[in-house]
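This briefing goes through a protein model one topic at a time. Please keep the sequence and the structure in view while reading.

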Amino acid sequence: MTALTVALLLVVTSALILRWRRPAWYWLAFGAAFAALRVLVRYTSVMDACGLTVPPSRWRLAVARVANRPVPESRAPRILRIRPTRTGLVLRLKLRPGQDAFDVSAATDRLRHSFSMYGVTSRELRSGVVEVRMTGYDVLKRVQMPAKTDHEPMRVPVALREDGAVHYRDYRAVPHGLTLGATESGKSVYQRNLVAGLAPMNVALVGIDCKQGVELFPLARRFSALADNPDTALDLLEALVTHMEGVYQLIRAEQRITVNVPDAEIAADIWDLPDHLRPVPVVVLVDEVAELALYASKDEEKRRDRIITALVRLAQLGRAAGIYLEICGQRFGSELGKGITMLRAQLTGRTAHRVNDESSANMAFGDISPDAVLAAIQIPTDAPGIAVTGDSSGGWARIRAPHTSLREAVNLCNKHADRTPDLPALAAFRPATAALPSDRVPLSKTAPATA
Ligand SMILES: Nc1ncnc2c1ncn2[C@@H]1O[C@H](COP(=O)(O)OP(=O)(O)OP(=O)(O)O)[C@@H](O)[C@H]1O
Ligand SMILES: [Mg+2]
């Protein structure tokens with residue numbers, strides 16, 4: 001008896017400690033089973049209390065009257081499937097006649113409290129079927145990406161969404177992206193995660209880091225071209241435009257279309273070419289983009305105009321040539337001058353980290369979703385890395401990238417350095433690898449000598 005009590009006490013204590021220190025492990029060990037049981041037991045009463053039931057239909061009332069049975073109860077949506085996941089529960093519901101997906105999404109906050117879950121979101125799968133995703137704990141507090149993610153070319157699992165799903169940056173679906181955020185909000189860490197995700201893929205990385213290269217130069221072994229100041233950035237962008245024109249010539253030669261067809265009208269892209277002919281896709285990462293658009297003299301203004309023109313051309317024509325832009329900055333609005341809003345309009349994938357004012361959030365989401373603007377402003381200062389991102393359905397979600405340190409990213413880039421392609425048009429911008437950081441040196445070699 002005493003042994004049983006001690007064992008029980010041990011289990012309860014370890015469950016409590018896990019719940020406090022390692023909510024993800026607690027969820028897998030205990031939480032998922034408890035929550036599934038709680039949802040199933042309380043389901044009908046909670047749905048009733050949340051206004052998600054429909055009164056009995058006329059024919060059910062008639063049948064009850066004829067059979068002299070009690071009046072049938074209101075009915076909740078039917079549970080088609082309940083599936084525990086790494087971070088929560090996924091419920092698939094068949095709506096009753098008269099209900100719609102909006103009813104469920106409007107009640108998500110009430111469901112969250114009633115089922116004692118951390119978060120609840122819902123989305124319509126098909127007409128009459130709604131998926132309700134519940135999370136058992138704050139998955140964004142300590143981001144752990146699942147060991148298994150989808151592996152598709154040019155699709156990077158970059159962050160975790162608040163509903164526990166993986167957020168992918170899919171370059172073929174959304175070619176160009178813009179990431180905004182105040183200083184210290186996590187933009188560079190997000191970009192570092194992208195580099196880490198792209199490093200093992202068959203892709204050329206090109207970087208422009210006007211913060212004197214502090215973010216991207218340590219990762220240089222995996223980069224085919226790098227620039228750390230606006231002058232080099234201009235030459236690099238113009239070389240990229242030349243590379244793009246070369247790729248178009250290749251596609252055109254393969255299509256056997258006459259040379260009079262203008263570049264912009266060519267519908268095919270590199271993915272239509274046979275494998276042996278396909279040029280390697282290029283992802284251009286720009287950190288601190290505002291540095292490229294600021295100027296203090298007439299000469300710098302000319303340089304700025306040429307840089308923005310090259311960026312706009314790449315954004316407009318680059319996708320078919322396999323050139324994808326990933327732009328990061330603190331603000332990216334019309335105050336940066338001519339051509340900026342035109343460039344912004346081409347950057348479909350929007351992500352906003354914490355911003356200090358509404359106008360910055362508007363630069364990312366003003367023309368897409370007012371709710372997302374509000375969500376971006378509400379990101380707390382003590383949670384760097386949390387961001388709001390537009391998703392493929394036109395909605396938005398809160399995400400957070402894992403905290404990949406610069407050392408981890410350097411190691412990964414060094415490991416995949418042999419995958420770095422040589423692009424002839426960009427050869428002049430290939431970083432010299434002699435002075436680049438190596439992998440972690442074993443601790444014994446770095447330990448200070450003791451006297
Ligand atoms: N996803 C994350 N998870 C945990 N901590 C993070 C995350 N992203 C960023 N941080 C923390 O925030 C700090 C600032 O991040 P980062 O350098 O990416 O900001 P930034 O937006 O690029 O700032 P700046 O505009 O000054 O370059 C990092 O050093 C790190 O400690
Ligand atoms: Mg930064």
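With its C-beta neighbours inside 10 Å counted, how does glutamate 288 rank: buried, partly exposed or exposed? Glutamate 288 has 19 such neighbours, and a residue needs 20 or more to be buried and 12 or fewer to be exposed, so glutamate 288 counts as partly exposed. The model is predicted. The protein has 451 residues, of which 39% count as buried.

**Overall build**

- There are 14 helices and 14 strands in the protein.
- The C-alpha trace spans about 90 × 75 × 45 Å along its principal axes.
- Among contacts with a separation of 6 or more, 65% are made by residues 24 or more positions apart.

**The sheet of 10 strands**

- An open sheet is formed by 10 strands in the order 6-5-14-13-12-7-11-10-8-9, and its pairing is mixed.
- Its edge strands are strand 6 (166-170) and strand 9 (223-227), each of which pairs on one side only.
- From one strand to the next, the twist averages 25°.
- Strand 8 (residues 204-209) and strand 9 run parallel and are joined by four bridges.
- Valine 206 has alanine 225, in strand 9, as its bridge partner.
- Helix 6 packs on this sheet, and the strands it touches include strand 5 (155-161), strand 7 (177-180), strand 11 (323-329) and strand 13 (386-390).
- The direction of helix 6 makes about 140° with that of strand 5.

**The sheet of four strands**

- Another open sheet has four strands in the order 1-2-4-3, and the pairing is antiparallel.
- Strand 1 and strand 3 (119-126) each have a single partner strand, so one side of each is left without a neighbour in the sheet.
- The twist here averages 20° from one strand to the next.
- Strand 3 is joined to strand 4 (residues 129-135) by seven bridges, and the two run antiparallel.
- One of the residues involved is serine 122, whose bridge partner in strand 4 is valine 132.
- Helix 2 (residues 23-49) lies across strand 1 and strand 2 (88-94) and runs at about 170° to strand 1.

**The surroundings of ligand 1**

- The shell around ligand 1 holds 14 residues, and those that come nearest are Gly186, Ser188, Val189, Pro384 and Gly385.
- Helix 6 (residues 187-198) gives the largest share of this shell, with three residues.
- Helix 6 is also the helix described above as packing on the sheet.
- Sorted by class, the shell has eight polar, three charged and three nonpolar residues.

**Two residues with positive phi**

- Most residues other than glycine have a negative phi.
- Asparagine 68 has a positive phi, near 60°.
- Asparagine 68 sits in the loop between helix 3 (58-66) and strand 1 (78-84).
- Only 12 or fewer other C-beta atoms within 10 Å make a residue exposed, and asparagine 68 has 6, so asparagine 68 is exposed.
- Glutamate 288 has a positive phi as well, near 50°.
- The loop that holds glutamate 288 runs between strand 10 (282-287) and helix 8 (290-293).
- Strand 10 is part of the sheet of 10 strands, and helix 6 touches strand 10.

Notes: Residues are numbered from 1 along each chain as its sequence is written. Chains are lettered from A and ligands numbered from 1 in the order in which they are written. This is a predicted model: local features need pLDDT of at least 70, side-chain atom pairs count only at pLDDT 80 or more; totals for chains, interfaces and linings use all residues. A residue is near a molecule or strand if its C-beta atom, placed from the backbone, lies within 6 Å of it. Ala, Val, Leu, Ile, Met, Phe, Trp, Tyr, Cys and Pro count as nonpolar, Asp, Glu, Lys and Arg as charged, and the others, Gly among them, as polar. Two strands pair if DSSP finds at least two bridges between them. Axes are lines fitted to C-alpha atoms, for helices over the stretch in contact, and angles run from 0 to 180 degrees between N-to-C directions. Two residues are in contact if their C-beta atoms, placed from the backbone, lie within 7 Å.
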